[in-house]
Amino acid sequence: VTLLPIGGVARLERFPEEPREEFLIAIAGPVVNVVIVLALMLAGADPSPDNLAAADITKVSLIDRLAAVNVVLAAFNLIPAFPMDGGRVLRALLARKYGFVRATEIAANIGQWCAFAFGFIGLFFNPMLIFIAIFIYLAATSEARLAQLRGMSRGVPVTAAMMTEYKALSPSARIEEAIETLLRTSQTEFPVVDKDGRLVGVLGRSDMIKALKQDGPNTLIGNVMTREVPTIDHRRCLDEAFRVLMEKSAPAVGVVDAAGRLKGLITSETVGEMLMVRDAMPKGIRFGERARPAGA
């Protein structure tokens with residue numbers, strides 16, 4: 001859970017696979033608020049929102065204000081402004097009819113319009129709504145892009161999008177050599193392989209600069225590389241590599257053969273480039289290793 005000025009945002013370890021799963025996860029938050037209100041009402045609380053807006057708070061009991069706060073939170077979270085809880089509930093319901101990708105596009109568009117509405121209202125009444133509007137708009141755009149990437153990558157061989165032209169480093173080499181390689185290429189992530197060609201780590205550009213500044217040019221690459229690098233078999237599909245990339249928050253996913261030798265790399269940059277290529281391709285042409293014109 002990431003705490004922001006507008007509240008907390010929970011990040012899931014994996015994407016929900018079924019609309020029902022996402023519905024249950026999303027509705028859980030507002031339901032908790034409703035349960036709290038009902039429990040407080042049994043204790044004699046008055047959940048009227050007027051208690052929350054009372055000018056003289058000394059005349060309103062703590063239990064009444066707590067009940068009113070939870071009413072407001074439940075109502076606010078159910079606004080269909082994706083990716084808030086209400087927007088995720090909306091996507092789960094739409095996904096039953098339109099599928100995950102199309103449902104995300106519709107929910108994201110509604111979320112962006114809600115963001116415009118929040119921003120407009122915030123100009124006149126509450127500036128905090130402007131910050132909420134910015135967050136909703138950017139998050140909805142990001143979620144729609146991720147869903148599009150996920151849908152596009154289904155059925156595409158991982159070998160069709162992996163990076164195969166790259167410079168690899170040795171764990172026994174020095175940071176000085178890595179910096180020289182960095183300056184000669186346009187790479188930002190460098191695989192580190194052993195003598196048998198097996199992936200043992202990844203060294204990023206920022207890691208190089210940090211190691212050079214803190215430990216000097218003679219530092220061994222093996223001492224500063226990222227060791228926990230996920231791998232995937234070269235016969236798998238791209239959507240599996242993309243899922244691993246998101247779940248592990250890894251800089252890259254290594255594509256390996258049956259013997260564990262590195263064949264290529266999948267990074268967020270390569271997936272993003274594939275999306276741009278896909279958008280530019282003529283209709284009837286399917287991206288991937290086995291692309292064919294329609295009807296061929």
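Thr 181 is a good place to start: this residue sits in helix H7, which covers residues 175-184. The model here is a predicted one, and its chain holds eleven helices and seven strands. From Thr 181 we can move to a nearby stretch of text on Tyr 166, then to the cores and the chain as a whole.

**Thr 181 and its surroundings**
- Thr 181 counts as buried because its relative accessibility is 10%, and the cut-off for buried is under 20%.
- A polar atom in the side chain of Thr 181 lies 3.0 Å from the backbone oxygen of Glu 177.
- Setting aside residues up to four places away in sequence, Thr 181 touches Lys 167, Leu 169 and Phe 190.

**Tyr 166, in a loop**
- Tyr 166 belongs to the loop between H6 and H7.
- Although Tyr 166 and Gln 187 are 21 residues apart along the chain, their C-alpha atoms are separated by 7.3 Å.
- Gln 187 is also one of the residues that Tyr 166 touches, not counting those up to four places away in sequence; the others are Pro 191, Leu 262, Lys 263 and Gly 264.

**The nonpolar cores**
- The largest nonpolar core has 17 residues, and the members touching the most others are Val 158, Ile 232, Leu 238, Ala 241, Val 253, Val 255 and Ile 266.
- Two or more residues of this core come from each of helix H6 (128-153), helix H10 (238-248), strand S6 (253-256) and helix H11 (268-280).
- H10 gives the largest share, with five residues.
- Ala 241 is in contact with Val 158, Ile 232, Val 253 and Ile 266, leaving aside its neighbours within four places in sequence.
- Another core lies apart from this one; it has 13 residues, including Phe 190, Val 192, Leu 203 and Met 208.
- Phe 190 therefore links two topics here, as a member of that other core and as a residue that the buried Thr 181 touches.

**The chain as a whole**
- The chain has 296 residues, and buried ones make up 37% of them.
- Among contacts with a separation of 6 or more, 56% join residues 24 or more positions apart.
- About 17200 Å² of the chain is exposed, and carbon and sulfur atoms supply 58% of that area.

**How confident the prediction is**
- Mean pLDDT for the chain is 81, with 86% of the residues reaching 70 or more.
- Residues 289-296 call for a separate look: pLDDT stays under 50 there, and the model has eleven contacts beyond four places in sequence for this stretch.

How values were computed: Residues numbered from 1 in each chain as written. Predicted model: local features only at pLDDT ≥ 70, side-chain atom pairs only at ≥ 80, totals over all residues. Heavy atoms only, no water. Helix = DSSP H or I, 4+ residues; strand = E, 2+ residues; numbered from the N terminus. Buried < 20%, exposed > 50% of the residue type's maximum accessible area, 1.4 Å probe, protein only. Contact = heavy atoms within 4.5 Å. Areas by Shrake-Rupley, 256 points an atom, 1.4 Å probe, with all protein chains shown as cover. Core = buried A, V, L, I, M, F, W, Y, C linked by side-chain atoms within 4.5 Å. pLDDT = per-residue confidence, 0-100. Polar contact = N/O pair within 3.5 Å; in protein donor to acceptor, adjacent residues only side chain to side chain.
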